[in-house]
Amino acid sequence: MILPYRKVSIAPMMDWTNRHFRYFIRLITKYVNLYTEMISEHAIYHKRNSQKDLKHLLDYDSCEHPLIFQIGGSHIPIIKECVKIVEEWNYDGININCGCPSEKVFENQFGAILMAKPRFIANIVKEIKKVSKLPVSIKHRLGIKSNHLDKTHYEDLKEFIKICYNEGGCEHFIIHARHAYLGKYSPKKNRVVPPLIYEWVYQIKEEFPELMIEINGGIDNIQDILNHLKYVDAVMIGRAAYEDPYFLIDIDEVFLNQKNSLSRKEIFLKFVSYVLDQIDQGIYPHSVVIHTFGLFRGIKNSNKWKQYLTKELTNLKKYPIEKLPKELVYDILTKSLEILPEPIYEANRHTIVL
Ligand SMILES: Cc1cc2nc3c(=O)[nH]c(=O)nc-3n(C[C@H](O)[C@H](O)[C@H](O)COP(=O)(O)O)c2cc1C
């Protein structure tokens with residue numbers, strides 16, 4: 001069951017974990033599972049008859065494998081159609097979003113509210129399995145609370161997992177170790193205010209040793225990843241991977257025994273050719289490069305570097321994309337690195353090696 005899954009994943013994050021960011025992350029680590037942002041059932045379904053539109057939505061680089069598709073939705077016939085399409089595009093798994101607390105998602109009856117309907121989710125999993133061989137996982141919270149319902153007890157969580165497993169056959173649960181308060185907090189606050197209760201996730205693993213239990217929430221360094229792995233099967237990293245991606249540089253050495261010796265600057269330089277290729281696909285450099293802005297976090301002049309790139313790359317929008325001079329883009333990107341200091345020593349690679 002665990003293959004092709006790895007012990008570390010980068011979380012699905014809307015507007016962040018698009019294909020540009022995922023390509024960029026692969027320069028830092030080959031090991032982790034990557035997830036798409038949540039894509040709604042309707043987004044795929046409405047585009048199902050246009051290969052061009054589907055390509056825009058579903059295309060990715062082969063280096064992104066293992067790549068899991070996260071779907072948001074609750075209409076079983078539509079989800080089934082979408083899953084067939086996702087399988088044709090050779091994704092490595094399907095993940096159902098049962099953790100998003102946004103009001104819009106809540107109104108459309110998917111995301112975290114689905115935690116109140118474990119039998120319904122179990123049925124979705126069962127129906128997906130009828131049309132696809134892809135492994136199905138569920139990403140959810142510890143529990144949910146709204147004006148009308150309170151599912152915040154450990155027993156509610158246990159019941160949710162038990163039903164999804166026994167009745168739906170789901171064997172992989174990714175648990176964001178916080179409750180979600182629907183209608184009370186914004187999605188952003190719902191990622192910060194409710195306390196992390198890792199022990200509940202550990203306890204779930206103890207009670208369901210046969211399941212793959214992945215923990216998520218507030219994990220931002222390799223030592224903590226390794227600590228969590230004493231209790232659960234896998235660890236999912238969200239914001240830290242986007243805001244400070246270079247901390248992942250040691251992952252391949254730890255889990256694959258393959259050291260990635262690229263410095264931050266070398267990673268950025270490798271990304272430059274990807275940015276230039278994207279111009280041929282009609283994509284302006286700014287919308288690609290912006291996903292690397294966490295790379296020099298904590299390094300002197302990181303903000304100046306970001307400001308320089310933002311200004312220079314935004315200016316390029318005055319060119320029609322087909323007339324955009326690639327040499328100019330190359331010069332801007334490589335010159336930007338001069339703003340950053342030269343590496344001094346390698347004692348602490350997370351903060352010093354550029
Ligand atoms: C900008 C942003 C967008 C997110 N979008 C999604 C999403 O599309 N699907 C999802 O399941 N979770 C989404 N999340 C939640 C993350 O996947 C993750 O569960 C959460 O950030 C907690 O992990 P962390 O503390 O490591 O960031 C998003 C989080 C952020 C910050």
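1. Contact between the domains. In this predicted model, 11 residues of domain 1 are in contact with 11 residues of domain 2. On the domain 1 side, the elements that contribute two or more residues are α1 (19–28) and α10 (239–243). Helix α1 provides the largest share of that side, with six residues. The composition of the domain 1 side is eight nonpolar, one polar and two charged residues.

2. Domain arrangement. The chain is divided into domain 1, spanning 8–256, and domain 2, spanning 264–339. Taken over C-alpha atoms, the centres of domain 1 and domain 2 are separated by 30 Å.

3. Ligand surroundings. The ligand is surrounded by 22 residues, of which A11, M13, M38, G238 and R239 are the closest. Both β2 (33–40) and α10 supply at least two residues each to this shell. Helix α10 therefore deserves attention in two respects: α10 gives two or more residues to the side of domain 1 that touches domain 2, and α10 also supplies at least two residues of the shell around the ligand. By class, the shell around the ligand comprises 10 nonpolar, eight polar and four charged residues.

4. Environment of E171. Residue E171 lies in the loop between α7 (154–166) and β7 (172–181). Is E171 buried, exposed or partly exposed? With 19 other C-beta atoms within 10 Å, E171 is partly exposed, since a residue is classed as buried if 20 or more lie within that distance. E171 and M212 are 41 residues apart in sequence, and their C-alpha atoms are 6.0 Å apart in space.

Notes:
Residues numbered from 1 in each chain as written. Predicted model: local features only at pLDDT ≥ 70, side-chain atom pairs only at ≥ 80, totals over all residues. Domains from an automatic or database assignment. Contact = placed C-beta atoms within 7 Å. Helix = DSSP H or I, 4+ residues; strand = E, 2+ residues; numbered from the N terminus. Nonpolar A, V, L, I, M, F, W, Y, C, P; charged D, E, K, R; others polar. Buried ≥ 20, exposed ≤ 12 C-beta atoms within 10 Å, placed from the backbone. Near = placed C-beta within 6 Å.
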